[in-house]
Amino acid sequence: MSDSRLQEAVLRRIEENSIEEARFDAESALTLERRLAREPEWVWRMLTTAAGTAQWSPCVPTRDMAGTGQYELQEDPSSDPVDGSVTAFEPPSRLEHHWGAETLDWELSPADGYTDLRLTQTCSTDDMVLACAAGWHICLATLETLADGDDASPVLGMESMPYGWERLRDAYAEKFGLTPSWTPGEEPAPQ
């Protein structure tokens with residue numbers, strides 16, 4: 001499939017997913033949910049194996065996650081690894097891990113031939129909440145594309161701009177009542 005067709009498939013899913021279902025609470029926890037057209041075991045492999053996560057996620061372990069403990073994670077093979085740890089490993093229903101200062105809790109539930117996925121990420125700053133909401137919105141659209149059997153490739157960092165990252169960030173900011181204080185391509189401002 002050509003790059004433009006790959007982009008079209010992911011863009012279609014980005015638009016299909018409403019930001020209205022996202023939640024943000026006082027503990028800086030962001031929650032996103034999706035229904036994927038695959039069984040939980042397939043989704044579990046996409047969350048816990050280096051080969052699976054490399055197809056759609058910015059959070060790729062340098063080795064497969066096979067239980068609790070320390071792991072290194074990175075966005076691409078040229079980036080420096082970030083320390084991480086898995087604190088809950090319950091195949092194929094729950095994975096909780098740390099990615100630097102962030103905590104990600106993935107919950108999978110079977111649903112009539114589908115999998116309901118819930119991601120709750122505890123973020124360190126309001127800017128991180130907005131960046132992650134927009135970023136995960138795009139990454140989960142990529143995962144959905146793969147679950148539907150279509151080709152897709154990960155959309156990371158500044159590659160997310162043509163996919164509407166800035167528009168999504170601003171929409172999440174309005175929904176959550178937050179104000180972004182940094183510009184894409186710069187390090188997030190301290191809060």
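**Figure 1. Thirteen is the number to keep in mind here: the structure holds 13 salt bridges.** This is a predicted model, and the views below visit a few of these pairings. Side chains of opposite charge can pair when their charged atoms come close. The chain offers 14 positive and 36 negative charges, whose mean positions are 6 Å apart.

**Figure 2. R167 and E15 join in a salt bridge.** The N to O distance here is 2.6 Å. R167 belongs to helix α5 (residues 165-176) and E15 to helix α1 (residues 3-16), so this pair ties together parts that are 152 residues apart in sequence. R167 is partly exposed, at 43% relative accessible area, while E15 is exposed, at 52%.

**Figure 3. E144 and R34 form a salt bridge between a helix and a strand.** Their side chains meet at 3.9 Å, N to O. E144 sits in helix α4 (residues 126-147) and R34 in strand β2 (residues 29-36), 110 residues apart. Both partners count as buried: E144 has 11% relative accessibility, and R34 has 7%.

**Figure 4. E166 pairs with R169 within helix α5.** The closest N and O atoms of this salt bridge are 4.0 Å apart. Three residues separate the partners along the helix, about one turn. E166 is partly exposed, with 38% relative accessibility, whereas R169 is buried, with 6%.

**Figure 5. Four residues share a network of salt bridges.** Look here for E90, R94, E96 and D105, which are linked together.

Definitions and conventions. Residues numbered from 1 in each chain as written. Predicted model: local features only at pLDDT ≥ 70, side-chain atom pairs only at ≥ 80, totals over all residues. Heavy atoms only, no water. Lys, Arg positive; Asp, Glu negative; His and termini not counted. Charge placed at Lys NZ, Arg CZ, Asp CG, Glu CD. Helix = DSSP H or I, 4+ residues; strand = E, 2+ residues; numbered from the N terminus. Buried < 20%, exposed > 50% of the residue type's maximum accessible area, 1.4 Å probe, protein only.
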